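Please read the following account with the model open beside it, taking each element in turn as the text reaches it.

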Amino acid sequence: MPLRTEPDATLLHADDGTPLAQLSLRDDDGTLLAERVRPLPGADLAQVAAQARRDLAGRRLTTPDDALARALVDGGLRLRRAATDMRHDLAVLPPLPALPEGWSLREGGWDDDLAEGLAAAYGPEHPDGRWQDSDTKEIRGMFERGEPVPPLAEACARVVGPDGRSAGHVLCAGPVPWTEDECAWILNLGVAPRAQGLGLGRALLVHAMHGSRAAGLPRLGLEVADSNPARRMYDSVGFQVRARVLSVDLPPLD
């Protein structure tokens, strides 16, 4: 049975018409997504997984349900990413930390020093994988053309060292179209290895929090991959867990 769109969501049905799961469909710049797939109470997870592989074939599926992700993996698919969706309500913010002597925060933007530094920071062992040329292209597109979403200027920043070179940044957008609540979103926060250990990541994060509130947005969100040590920093400034985000690429039908 084809997917059926209800007023609040899209439903995945079994062949006999039994509703199995609720989800949201989206095209993210050419990547077809089946997001927030939630099995309905009493649904058989193996049946949900099998129906999703057929009716959502070729899409990237995300789910907050660990058991559904395990059922897909048990069926021979690979867990692409395991992460946690977090939010900060921006009601009480930590003070902006002082930067080491010679370091400063500048307006957001992109340059070759950032590209080099983030390529070094996101190596093959990073939970989100190696930095790709496509990542640089996407960020340049945001600053140059506002695509796929424009940066939230108040919440973006680069950190610049005594040598005048960019050594890290925080990139935010908002309000973003892929969340159910109104919020700013941290798309990328990274510091080059040569500048790590100086508290610059925390300074960028707190800047994003203050900037998001100054822009009139009630919350700031992010996703952090499992085993990313930055999770401790997010916890320390008051981000709260909203949901798990597990993603699996569903193969196209033969």
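**A covered helix and the cores around it**

In helix 5, the buried residues are Leu 200, Gly 201, Ala 203, Leu 204, Leu 205, Val 206, His 207, Ala 208, Met 209, Gly 211 and Ser 212. The coordinates belong to a predicted model, and every value below should be read with that in mind. Eleven of the 15 residues of helix 5 are buried, which leaves the helix mostly covered. From its first C-alpha to its last, helix 5 reaches 21 Å, close to the 21 Å expected at 1.5 Å a residue. Just after helix 5, the backbone at Gly 216 takes a positive phi of about 90°.

Helix 5 also leads into the interior. The largest nonpolar core has 47 residues, and those with the most contacts inside it are Ile 186, Leu 205, Tyr 234 and Phe 239. Among the elements that give two or more residues to this core are helix 3 (112-121), helix 4 (133-145), strand 9 (166-173), strand 10 (184-191), helix 5 (200-214) and strand 11 (220-225). Taking Ile 186 as a point of entry, and setting aside residues up to four places away in sequence, one finds that Ile 186 touches Val 170, Leu 171, Cys 172, Leu 205, Ala 208, Leu 220, Gly 221 and Leu 222. A second, separate core has 18 residues, including Ala 49, Leu 56, Leu 72 and Val 248.

Cys 172, one of the residues touched by Ile 186, raises the matter of cysteine pairing. How many disulfides does the structure hold? It holds zero. The closest cysteine sulfur to that of Cys 172 belongs to Cys 156 and lies 5.3 Å away, which is too far for a bond, because a disulfide requires the two sulfur atoms to be within 2.5 Å. Cys 183 is likewise in no disulfide, the nearest cysteine sulfur being that of Cys 172, 10 Å away. Both cysteines are nevertheless shielded from the probe: Cys 172 is buried at a relative accessible area of 0%, and Cys 183 counts as buried at 0% relative accessibility.

A polar residue completes the tour. Thr 84 lies in strand 6, which covers residues 79-88, and is buried, with a relative accessible area of 5%. The side chain of Thr 84 makes a polar contact, at 3.3 Å, with the side chain of Arg 244. Not counting residues up to four places away in sequence, Thr 84 touches Leu 222, Glu 223, Val 224, Asp 226, Arg 231, Val 241, Ala 243 and Arg 244. Leu 222 is thus a residue that Thr 84 touches and that Ile 186 touches as well.

Methods:
Residues are numbered from 1 along each chain as its sequence is written. This is a predicted model: local features need pLDDT of at least 70, side-chain atom pairs count only at pLDDT 80 or more; totals for chains, interfaces and linings use all residues. Side-chain values use heavy atoms; hydrogens and water are left out. Buried means under 20% relative accessible area, exposed over 50%, partly exposed in between (1.4 Å probe, protein chains only). A nonpolar core is a set of buried Ala, Val, Leu, Ile, Met, Phe, Trp, Tyr and Cys residues joined through side-chain atoms within 4.5 Å. Helices (H or I, at least four residues) and strands (E, at least two) are DSSP runs, numbered from the N terminus. Contact means heavy atoms within 4.5 Å. A polar contact is a pair of N or O atoms within 3.5 Å; within protein, one must be able to donate a hydrogen and the other to accept it, and residues adjacent in sequence count only if both atoms are side-chain atoms. The expected span of a helix is 1.5 Å times one less than its number of residues.
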